Amino acid sequence: MTLEKENRRIQFLAKKWQDGTITEQEKTEFNDWYNSFDDSHLEDFAEETPDMLGERLFTNIQIRENISFTKKIRMVSFFRLAAAASVLLFSLAGAYWLLHNDPDQPTVKNVQKDRLPGTNKAVLMLANGSKISLDDAVKGELAKQSGITITKAGDGQIIYTVADHVLTGAKPGYNTIETPRGGQIKVNLPDGTKVWLNAASFIKFPTNFSGSERNVTLEGEAYFEVAHNANKPFNVYATGIAVHVLGTHFNINAYKDEDTIKTTLMKGSVRLTAGHASALLKPGQQGGIIGNGSGFNLSAVDTSLVMAWKNDLFKFNNTDLHTLMRQISRWYNIDVVYQSGVPNDVFFGNISRQTNLSKVLKILELGGVHFKIEDKKLIVMP
């Protein structure tokens, strides 16, 4: 059997395993194929549990070709397969590469310095102008201001606790929390609303919501679980649009380097406004403002793709290279530069956000692009 036919056969068996339609005989065939490889080169992962390996090795790697507008586009997809006794982690078309190449000789060219994934870090600016580095701060009480106690929990989240007398109408100050590239944070706002801030994001909010509305300002990306209060609507203002809610779960992507601001609703109901334009979102829908600001494009989306960052994943589904690399740039705090001739191909797959950059790039190189790391610069090559 040729290598091409063998790859197709293994891909076919892997898909059947994923779908739950594989027979015992086919399982044996697949396991025989997997066990035929020398796994001595997997020693880098010897101390990791199967679950950790699942995040580190991205499980299954498959390369397939698709013709679109006469252009050949390489796609990389990853998915998890479970063996009868344990989780088997392997690659399909990329299996030979992963198992037989020297791990001390990465394919990513001229790797001078690897980049670690992002962590929980941000800067809190209080109403009086003082700043607190949240990644350096130990857990416990961080500050008090006008009846507001700010604490850092053991898991890194920032919690605002409002004293009863503040709820009666004390004039609020404003706090801001900003995450750098390579940072993220979870915040419990004074009204109990939970906010997850992605990398390179900024949120401004009052120390107490004493008025008739709860208003916050956002740049970047955040996921909100808004505390319900029918008498006090919650509004997010993000670069020209407003999201109006009473109590719901939604994600806003409002990075300035993205094509449009996108709001995705998970639960409840939200109304989007921008100038004279308005649109009502239903769960599972995403609204993006039309370029000239005349209205919103509404579409049904796979919310797992939108929420992947919050679930510590990069998740790609027909994602073009430039969009993918913007995510990489924010999370690994690295500038991306493209050489001429790099095609804007599309990718499919899941990769843990807790993976070092060099390993992510090795996987992406299976899709036909190449990379070089020079200090804080990631060069993309054809």
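**View 1. Helix 6 and its buried residues.** A residue counts as buried when its relative accessible area is under 20%, and in this predicted model the residues of helix 6 that meet this criterion are Leu-321, Leu-324, Met-325, Arg-326, Ile-328, Ser-329, Arg-330, Trp-331 and Tyr-332. Because 9 of its 12 residues are buried, helix 6 is largely enclosed by the rest of the structure. The end C-alpha atoms of helix 6 are 16 Å apart, in agreement with the 16 Å that its 12 residues should span at 1.5 Å a residue. Trp-331, one of the buried residues of this helix, has the charged end of Arg-353 over its ring, 3.7 Å from the ring centre.

**View 2. The largest pocket and its lining.** The largest pocket has a volume of about 850 Å³, and of the 32 residues that line it, the closest to its centre are Asn-253, Lys-262, Leu-305, Thr-323 and Gln-327. Two or more lining residues come from each of strand 18 (249–254), strand 19 (262–267), helix 5 (303–306), strand 24 (313–320) and helix 6 (321–332), and the largest share, 8 residues, is that of strand 24. Sorted by class, the lining of this pocket comprises 11 nonpolar, 11 polar and 10 charged residues.

**View 3. The edge-to-face pair of Tyr-160 and Phe-205.** The count of aromatic pairs in the model comes to 7. In the pair shown here, the ring centres of Tyr-160 and Phe-205 are 5.2 Å apart and the ring planes stand at 85°, so the pair is classed as edge-to-face, for which the planes must be over 60 degrees apart. The pair links distant parts of the chain, with Tyr-160 in strand 10 (residues 158–162) and Phe-205 in strand 14 (residues 201–206), 45 residues apart. Both Tyr-160 and Phe-205 are buried.

**View 4. The tilted pair of Trp-196 and Tyr-223, with Lys-310.** The rings of Trp-196 and Tyr-223 have centres 5.4 Å apart and planes at 45°, so this pair is tilted. Here too distant parts of the chain are linked, since Trp-196 lies in strand 13 (residues 194–197) and Tyr-223 in strand 15 (residues 214–225), 27 residues apart. Trp-196 and Tyr-223 are both buried, and Lys-310 lies over the face of Trp-196, at 4.5 Å from the ring centre.

**View 5. A cluster of phenylalanine rings.** Phe-209, Phe-224, Phe-234 and Phe-250 are linked into a cluster by ring pairs.

Key:
Residues are numbered from 1 along each chain as its sequence is written. This is a predicted model: local features need pLDDT of at least 70, side-chain atom pairs count only at pLDDT 80 or more; totals for chains, interfaces and linings use all residues. Side-chain values use heavy atoms; hydrogens and water are left out. On a 1 Å grid over the protein atoms alone, a cavity is a set of points where a 1.4 Å probe fits but cannot get out, and a pocket is an open set with protein on both sides within 12 Å along at least five of seven lines; lining residues have an atom within 4 Å of a point. Grid points are joined across faces, edges and corners, and a volume is the space filled by probe spheres set on the points. Helices (H or I, at least four residues) and strands (E, at least two) are DSSP runs, numbered from the N terminus. Ala, Val, Leu, Ile, Met, Phe, Trp, Tyr, Cys and Pro count as nonpolar, Asp, Glu, Lys and Arg as charged, and the others, Gly among them, as polar. Rings of Phe, Tyr and Trp (its six-membered ring) pair if their centres lie within 6.5 Å; planes under 30 degrees apart count as stacked, over 60 as edge-to-face and the rest as tilted. Buried means under 20% relative accessible area, exposed over 50%, partly exposed in between (1.4 Å probe, protein chains only). A charge sits over a ring if NZ of Lys or CZ of Arg is within 6 Å of the ring centre and within 35 degrees of the ring normal. The expected span of a helix is 1.5 Å times one less than its number of residues.
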